[in-house]
Amino acid sequence: MKANFALAAPGAQGKKAAAYILTALLVGVLIVIALSGHASLGWRLALAILVAAVVASYAMPTFGKYLRKRIYWYTGTFFVALALNFLLPRLIPGNPVDIILQDVLAGITDSSAATALKNQYIAQLGLDKSILEQFFRYTGNLFKGELGMSLYLAQPVAKILASKIPWSVAIMLPSILVGWLAGNLLGAYAAYKKGIYEKVIFPVSLFLSSIPSFIFSMLMLLWLGVSWGWFPVLGGFDAQIISKQSGVYYMSLLSHWALPFISQTLIVIGGQAIGMRSMALYELNVDYVLFAKLQGIRDRKVTRYVFRNAMLPQVSGLALSLGGMVAGSTLIEIVFSYPGLGQQLMMAIRNVDYPLISGCTLVISITMLVANLLIDIIYGLIDPRVRTAQAEEG
Amino acid sequence: MQTIKTMLKSPRFLIGFILVMTVVLFAVIYPMVDTRDPKANRLPNEAYEAVAPLRAMLDAGEGENATQEIARLIAQEEADFGPYQALYGWYTQNQIADYKIENRSANIISAAVDKMDWAGIYPTLTEYIDGGGDRSDMLVGMRGLLEGNEPVDMALDTLRGLDTSGLDAAGLAKWQQLLDDVAARLAEPNPPMAKKLLDDYYRARGPMFGDTVMLGQALTEVNDGLIKEIVNLNLLFEQYATPTLLRVQAKIDSTAVDKAASAVKQIKRTNALYAELEPLRAIFDAKGEDTAEVIRLATEEIARVRQHNRDVLTAAEAVREKGAEAVSAIVDETVRAEFESLNAEDIVKGAQALADAHGETGQRLDDALSRLSGVGVDFGGFKPGDPSAIKILTDGIPASTLTLKNLPPSREHPLGTDMDSRDVLLELAHAARLSLMVGLIAGCIATVLGIIIGLLAGYIGGVLDSILTTWTNLFLVIPSFVILILLSVAMGQIREAWITGLVIGLTAWPWTAKSVRAQTVSLRYRDHVNMARITGNPTWRIIAVEIAPYIASYIVMAFILQVASGIISEATLSILGLGNPSSISLGRMINRAQQYESIVNGRWWEFVPVAVSIAMITFGLYMMNSGMDQVFNPKIRS
Amino acid sequence: MSDTMLMVNDLKTYYRTRLKENVYAVDGVSFGLERGKVLGIAGESGCGKSTLSLSLMGFYFPPLHFGSGSILLNGNDIMKLPYETLRKDYLGKQIAYIPQAAMNALNPTRRIRRYVVDVLTEHDTGLDEKAMLNLAREKLSFLNLPDRVLDAYPGELSGGMKQRTVIALSTLLNPSVLIADEPSSALDVSSQKVVMEMLRKMLRESQVQSMIFITHELPLLRHVADHIAVMYAGEFVEWGTAEQVIFDPIHPYSHALMGSIIVPEEGMKSHSLSCIPGAPPNLKNVPKGCRFAERCTYITPECRAENQVMTTLPDGRQYRCRFSQEALRDMYAKEVPANA
């Protein structure tokens, strides 16, 4: 059993760590500069951060190893996700160009124009080359920030995505964060107090977390939006307002945002409260609580221990939620007709607009991967058991 | 057995079980009770059934019998006879006027509804009702609503009569303003604006706002009642008169053209004028969609040829009487040429022959012309007793009625009807069946896959474990949602339910595999397993006999969760539009409700029952799982 | 300063089940504990030993409730103290507890030294952090643990180290009474020996004033305890010095227990082990009469008639049986070994 006490010893170790971190920063900057022109800024930064993290990780013995392992793993997964996004549309039987363009071609009677369009697409999709070449081209384009052209909206996919993502994030990010916080507090409170609140909070949370989210949203829409008329029921804003800079416009943005936000937050609260309550209950009955109390440590302090420990798994739950943010927002957006990425995805599916579908799913995958990586890292930093496990593996 | 007894004592398990079984039993039993086809969106029109004998007679061409049958039906007064009145009227050729009135009134009312032209509707209605038009009884009520604006006046009076003593000067001024505004709006042909005004005032919570509620309600009732009436009326006309007429029109046109064409074609090659009629034949042959155009051209051409015809006949007459010298008197050059080409000696005979040929052709052309002119509502070209004409009108009566669209719940339809006139309750039962089945299949596949992979990875360990774990983690991190979508899109429209279940199951197994693996690993070096290994049991036997029973309880719980998740996944796919569009599943019902904006329009019966069903199933399954968890994992007894 | 550290008088504590039944896990226990002495409490699983130790701490949280009786610690009835005083001045300071399985006794996400600081701060020792850590280091070295343990997380320590660390932490404030609840049952034999040595050392050097040692492993008691109390179904059935109870048990239960020990000494090969058939009674429905009656070899109808009380012998020994000690000894002598 190796016990790692390196962190406690300053001096030579510290200097070594500083050296590593400085090198890492330098490497990062170099990468950003070197790749300019070959990749978009976003990708350069991402790559720089990753490489810098790997270099810096050598400064910390156990955590560093854990960090490196995670980075390699996620990079590999990223390429797998990329491959899936690339492969699946190409698995459609038949000539993909024909199928993709069939509706568009039907309207074109001039056969030479049709052929020209077909050839353009074949060239664009690179179908005249081998699969491997196609993949490299796809990846290369991806890193330049080019995701192809949407077939039905005749706009670059990247542009469409960029305009839709903020809407999705606007609903999901606040609701996940607020819901996570409120839900955890509520669950902890219910576990600790065990009073009437437990009899009310627990069943309600169980119910909230069991209903599928879109069902709940639909019911909220019907109840608060249609029956009571408190909130508008369609769209991201009032389409009749002309001036986009006016206060009225911002008010309408807010009122249209409110109901999806409330629905989603309630659902998150439900799930978190249940989870936190179970964790807290478990931790409250754990041996070290008894021992600490028997040694005279006051309740409040012990409770703080407990909740700190109970929170840890909740943090990884937060990761999953954030990662699934875009996927989760899809159904909400459909119910509320909110113009975000999810609704865009649904319309792309309806129109069988392959480049757009690919783009949306890619964004969803990347979001999930990044969120998971970040939380893995943070979790590794805050929970010492992870480091111990890592040290055990040697 | 003992565990089952314990489980049955757990209240959560019981509640969950009851919820789930309620839905399952409903889905299984109800379709056996109500065996109609859930997709049947047309419910039989009694009138259509009632005229079956009439249709048969018309098919057999028995005109006389058909007339009698019509009279009998009308006398019977049991079916929906609006159209038959018109039929009979047309048939006896002196009530076409009624049909025209109906047609005209329908259009006016339609237009009035579009513009909510209250002032315009009333006189038209009166004229129609006094004229004994179709469905007058129904419209009397509507006219009553429009008459004299009674409820509206009453409302205004109420408003004026309210006690304003509690208001200060400013309040009084505001109140007076409101009265004036409302009165002004009510005088307009658009009373709904008055209601809006009141709503605003209500929201602003002015003095005595509670009393304005009454006014608002009164106006609402008036407006809503009126609107409903008009909509129904519109539907009625839409459904009976207009389409029928249009259809008849088109058919008659087309039939007319066919008949005219055949009349022309009967002019044989042997006929001297065959060549002359080439352009006419060409017009008929080139007949495209635009029957009106064809008719126009043909009529012109026929007229032209006919004119020529007549000229020839006149000339022939003259020649027959006066002989050869009449030829030179012929004005028209073409005609003269024809006569001049005749043999001079037998000119009379020749003229006669020419006259005969043209005469015959002329008759046929007249025939054709008369057929062509049998267009429009006149029906002039058809003769009374012509079975084919009656049949056209009979065919125009729809076999079903569409007024059952979007109805709220009633006794015949406990959950109302949806946008395709389908009975929602029946649909729900079938949809629940399908969704449950898909969820079950998905759950089975996911659980089985998860168990196999988990057991292998956990027990055998080593390289296999690394590979399988990497594979599992891969699928855990890449959202299954994404994979599902990509797969579904790639596979196109999934026809079979079990394929959907298969696809979902193939993407849902990772977390089961991970948990099973963790459990297997903890069991791997237990004493009994070691013993089995030492005594030389084959690996598969060890896994099956020593390890599997210990994780049995866990597997059952995992299965339940997988089924729940499978049902939700299926619903998600259907809502996104990826499932089989022709099959009915719970998600598909929600998808249609979304597409037809049922939610926004408050047609709650089209999606709330579905939502509740899904919620019951998933909540029930989660409760069952929670109950089992309590029994098997008592540490977290809560 | 009195020599009696702990005086317990007819202590009754019970568990309240969900169905509102009261189960008296400790049903009338009395004893005294003097400075420098070790009391060993022996009994099988479920006889109420752990409940007794929790009860002695004054630690009553649902579902455990205090019934009746008194617990005098250094002359103060701890049940009459408000919880705050109990917590600050007694728990950990005058009476300490070593839990059974040290595996989970420490918060896995906190370093040991943080825990030390927490405990010592609660008790108003007036020490600053540096002094606290020095004190901890002393204790650790006393138990042959390296200084590095302070900076470690519990997960980084081995089982034996953890147990010793827990012992060190419990005794930071040199309590008057140390209750050791099966301190070595989770360890391997060599670690066991080490732990026992440590405990004895602590007693010798007055780091603890007195000790209650609870176990179901009888052989240990011989080397550790001064007095032994045998517990059965919530009551003491015998009390005496270690020598007396081990080599000359009076109560049938003690007699049977001692007979079940495998002693690797000469001449023991022919000695057959006795085992006690049956199981302890369900304390929800306490049977009338002697609680051991079901399993006793010498049962008579009167045994079931009335509850048995403790008989005190002139030399201070106590036992709970209606038979006289001579009668019992006679019966034991007449026992025929299974394979002679």
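**Exercises on a predicted three-chain model**

Glu122(C) forms a salt bridge with Arg298(A), and their closest N and O atoms are 3.1 Å apart. The model is predicted, and the exercises below begin with this pair.

**Exercise 1.** Determine where Glu122(C) and Arg298(A) lie and what the pair joins.

*Solution.* Step 1: Glu122(C) belongs to helix H3 (residues 112-122) of chain C. Step 2: Arg298(A) sits in the loop between helix H11 (287-294) and helix H12 (299-323) of chain A, so the pair joins two chains. Step 3: the relative accessible area of Glu122(C) is 4%, so this residue is buried, the cut-off being under 20%. Step 4: Arg298(A), with 33%, is partly exposed.

**Exercise 2.** Examine the salt bridges Asp465(B)–Arg517(B) and Glu238(C)–Arg317(C), and state how far apart in sequence the partners of each are.

*Solution.* Step 1: the side chains of Asp465(B) and Arg517(B) meet at 2.8 Å, N to O. Asp465(B) is in helix H22 and Arg517(B) in helix H25 (residues 510-524) of chain B, 52 residues apart, so the pair links distant parts of the chain. Asp465(B) is buried at 11% relative accessible area, whereas Arg517(B) is partly exposed at 25%.

Step 2: for Glu238(C) and Arg317(C), the N to O distance is 2.6 Å. Glu238(C) is in strand S10 (residues 235-241) of chain C, and Arg317(C) is in the loop between strand S11 (311-312) and strand S12 (318-319), 79 residues away. Both count as buried: Glu238(C) has 0% relative accessibility and Arg317(C) has 3%.

Step 3: shared partners in salt bridges also join Lys301(A), Arg110(C) and Asp118(C) into one network. Over all chains, the whole structure holds 14 salt bridges.

**Exercise 3.** Characterise the interface between chain B and chain A by its contacts, its buried area and its residue classes.

*Solution.* Step 1: 40 residues of chain B are in contact with 47 residues of chain A. Step 2: about 3,900 Å² is buried between the two chains, and carbon and sulfur atoms give 83% of this area. Val477(B), Leu486(B) and Leu576(B) supply 15% of the area that chain B buries against chain A, more than any other three residues. Step 3: the count between the chains is 0 salt bridges and 2 residue pairs in polar contact. Step 4: helices H22 (462-477), H23 (480-491), H28 (552-576), H29 (586-595) and H30 (608-632) of chain B each supply at least two residues of the side that touches chain A. By class, this side has 30 nonpolar, 8 polar and 2 charged residues.

Terms used
Residues are numbered from 1 along each chain as its sequence is written. Chains are lettered from A and ligands numbered from 1 in the order in which they are written. This is a predicted model: local features need pLDDT of at least 70, side-chain atom pairs count only at pLDDT 80 or more; totals for chains, interfaces and linings use all residues. Side-chain values use heavy atoms; hydrogens and water are left out. Contact means heavy atoms within 4.5 Å. Buried area is the accessible area (1.4 Å probe) that two parts lose on being put together, summed over both. A salt bridge is a side-chain nitrogen of Lys or Arg within 4 Å of a carboxyl oxygen of Asp or Glu. A polar contact is a pair of N or O atoms within 3.5 Å; within protein, one must be able to donate a hydrogen and the other to accept it, and residues adjacent in sequence count only if both atoms are side-chain atoms. Helices (H or I, at least four residues) and strands (E, at least two) are DSSP runs, numbered from the N terminus. Ala, Val, Leu, Ile, Met, Phe, Trp, Tyr, Cys and Pro count as nonpolar, Asp, Glu, Lys and Arg as charged, and the others, Gly among them, as polar. Buried means under 20% relative accessible area, exposed over 50%, partly exposed in between (1.4 Å probe, protein chains only).
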